[in-house]
Amino acid sequence: MPIPLPKSLTEANTNGENGAPTNGSAANGSGGNVDERLLAGHQPNKPLAQVKDATQDFIKGETNAFIQSIKEAQLLGELKQDTMVDAAVLAKLEEGYAKLAASDSKSLLKKYLTKEVFDNLKNKVTPTFKSTLLDVIQSGLENHDSGVGIYAPDAEAYTVFADLFDPIIEDYHGGFKKTDKHPASNFGDVATFGNVDPTNEYVISTRVRCGRSMQGYPFNPCLTEAQYKEMEGKVSSTLSGLEGELKGKFYPLTGMEKAVQQQLIDDHFLFKEGDRFLQTANACRYWPSGRGIYHNDAKTFLVWCNEEDHLRIISMQQGGDLGQIYKRLVTAVNEIEKRVPFSHDDRLGFLTFCPTNLGTTIRASVHIKVPKLASNKAKLEEVAAKYNLQVRGTRGEHTEAEGGVYDISNKRRMGLTEFDAVKEMYDGITELIKLEKSL
């Protein structure tokens with residue numbers, strides 16, 4: 001509500017527009033502006049008009065300053081109102097936190113969301129998209145069996161909710177502290193890696209992928225349907241310009257023909273609407289609008305548009321020729337980046353929806369059959385930990401191994417280069433095969 005000016009200032013500012021008196025009293029010395037008469041009395045050597053001008057300038061300056069202070073106060077009030085967390089959101093946060101604290105969850109969310117951190121963050125929102133702590137942790141509050149339990153609804157969340165993100169990032173990425181800085185992107189010499197299983201006894205297939213976010217757009221929970229469609233259009237036109245080994249076709253999920261859909265399912269290319277972890281993180285809105293798949297003619301290069309991240313760029317093929325697969329990925333990433341600017345942070349590296357995929361965002365994995373090690377899961381996990389590898393079920397995260405086939409990949413993605421991340425996987429898989437042969 002507008003705040004009225006003091007009467008004295010109002011009157012002072014209207015006692016003559018250009019220094020002229022409002023009545024004849026000042027002209028005959030019997031009245032006029034009080035300041036004018038006082039100043040005239042104390043400074044007899046200065047002409048009256050000069051004193052009057054100075055007085056009016058002073059009054060106008062004070063008036064303007066007062067009005068500006070009112071405007072600033074009103075703006076501050078608007079900002080406070082705009083950044084307040086809704087009472088219903090706070091209630092849901094308190095209820096969810098109480099249940100998580102009482103649970104036997106082993107998630108990193110529960111480990112690091114102390115009462116002190118919770119109370120410090122529960123009233124905060126991100127500046128641009130007004131994301132709350134609930135947007136960050138709701139998946140972990142709903143799914144106590146989460147491994148991590150948090151997502152970034154927008155890039156600013158990594159800063160606003162740093163008290164929670166930083167320790168989780170440090171824990172997951174092998175000691176990447178809040179004072180650390182991710183190194184510059186470096187894919188290294190792509191000719192370094194060879195075939196991890198030249199006899200094709202153990203490795204069924206190999207895949208190297210990375211995630212990328214398009215500069216200027218929020219992450220899934222904050223995207224509008226119009227933005228989803230706009231991004232799909234940009235991605236489709238960008239990928240249609242790829243040549244050589246990368247040349248292929250883009251398939252929008254919306255309106256996809258049944259025959260095309262079935263072929264993509266048969267090729268294991270078609271991604272489905274997100275699982276319950278992504279659903280509760282609000283990452284699947286407007287499905288399937290704005291989503292699509294691109295693959296090259298040889299079906300060894302794939303791009304997912306607006307699945308979990310804006311872009312998932314994937315190079316893959318049967319067998320263990322990591323060198324060939326890695327080279328294809330590097331070529332693709334460099335070609336796409338020439339056309340689409342990626343979201344990047346000087347400290348965290350490439351920014352994505354999930355904090356496990358920051359930094360290089362590289363995940364190099366194999367489907368590997370190690371039946372002897374499968375019967376000794378503890379030994380398998382021991383070797384995996386030594387080389388910072390992650391062991392998953394055959395069909396990925398939250399699945400079981402089928403017939404002794406595991407999905408094994410590098411775990412660390414931050415604090416090291418893309419080349420070093422892939423090398424950890426290369427060295428670890430080489431050691432696992434050696435161990436399997438010896439058993």
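Here is a walk through this structure, from the chain as a whole to its sheet, its cores and its helices.

Let's start with the overall picture, keeping in mind that the model is predicted. The chain has 439 residues, of which 46% are buried. Its secondary structure comes to 16 helices and 10 strands. If you look at contacts with a separation of 6 or more, 72% of them link residues 24 or more positions apart.

A good place to settle your eye next is the sheet. Eight strands build an open sheet, and reading across it gives the order S2-S3-S4-S5-S1-S8-S10-S9, with antiparallel pairing. The edges are held by strand S2 (248–252) and S9, each of which pairs on one side only. From one strand to the next, the twist averages 20°.

Now step through some of the pairings. Strand S1 (residues 203–212) runs antiparallel to strand S5 (residues 311–318), and eight bridges join the two. Here Arg 212 stands opposite Leu 311 of S5. Further along the order, strand S8 (residues 363–369) is antiparallel to S10, with five bridges between them. S10 also pairs with strand S9 (residues 389–392), again antiparallel, through four bridges. Ile 408 of S10 is a nice residue to centre on: it is the bridge partner of Val 366, and it is the bridge partner of Val 391 as well. Strand S10 itself (residues 405–410) is mostly covered, with six of its six residues buried.

What lies against these strands? Helix H15 (residues 377–386) lies across S9 and S10, and its direction is about 145° to that of S9. Helix H16 (residues 418–438) also packs on the sheet, where it touches S1, S8, S9 and S10; its direction makes about 15° with that of S8.

With the sheet in view, turn to the nonpolar cores. In soluble globular proteins, nonpolar side chains tend to be buried together. The largest nonpolar core in this model has 56 residues, and the members that touch the most others are Phe 301, Ile 313, Ile 368, Ile 408 and Ile 429. So which residues does Ile 429 touch, leaving aside those up to four places away in sequence? They are Val 196, Val 203, Val 366, Ile 368, Leu 389 and Ile 408. A second core, separate from this one, contains 40 residues, including Leu 109, Tyr 151, Phe 219 and Ala 281.

Finally, let's visit some of the other helices. Helix H4 (residues 87–102) packs with helix H7 (residues 133–142) at an angle of about 35°, their axes being 10 Å apart. This crossing of H4 and H7 is left-handed. On the H4 side the contact is made by Val 89, Lys 92, Leu 93, Gly 96, Tyr 97 and Leu 100, and on the H7 side by Leu 133, Leu 134, Ile 137, Gly 140 and Leu 141. Sorted by class, the contact has eight nonpolar, two polar and one charged residues.

H7 comes up again at helix H9 (residues 162–172). The buried residues of H9 are Ala 162, Leu 164, Phe 165, Asp 166, Ile 168, Ile 169 and Tyr 172. These buried residues pack against helix H5 (108–112), helix H6 (115–121), H7, helix H8 (157–160) and strand S9, the strand that also forms an edge of the sheet. After H9 comes Gly 174, with a positive phi near 70°.

Key. Residues are numbered from 1 along each chain as its sequence is written. This is a predicted model: local features need pLDDT of at least 70, side-chain atom pairs count only at pLDDT 80 or more; totals for chains, interfaces and linings use all residues. Side-chain values use heavy atoms; hydrogens and water are left out. A nonpolar core is a set of buried Ala, Val, Leu, Ile, Met, Phe, Trp, Tyr and Cys residues joined through side-chain atoms within 4.5 Å. Buried means under 20% relative accessible area, exposed over 50%, partly exposed in between (1.4 Å probe, protein chains only). Contact means heavy atoms within 4.5 Å. Two strands pair if DSSP finds at least two bridges between them. Axes are lines fitted to C-alpha atoms, for helices over the stretch in contact, and angles run from 0 to 180 degrees between N-to-C directions. A crossing is left-handed if the near helix is turned anticlockwise from the far one by less than a right angle, and right-handed if clockwise. Ala, Val, Leu, Ile, Met, Phe, Trp, Tyr, Cys and Pro count as nonpolar, Asp, Glu, Lys and Arg as charged, and the others, Gly among them, as polar.
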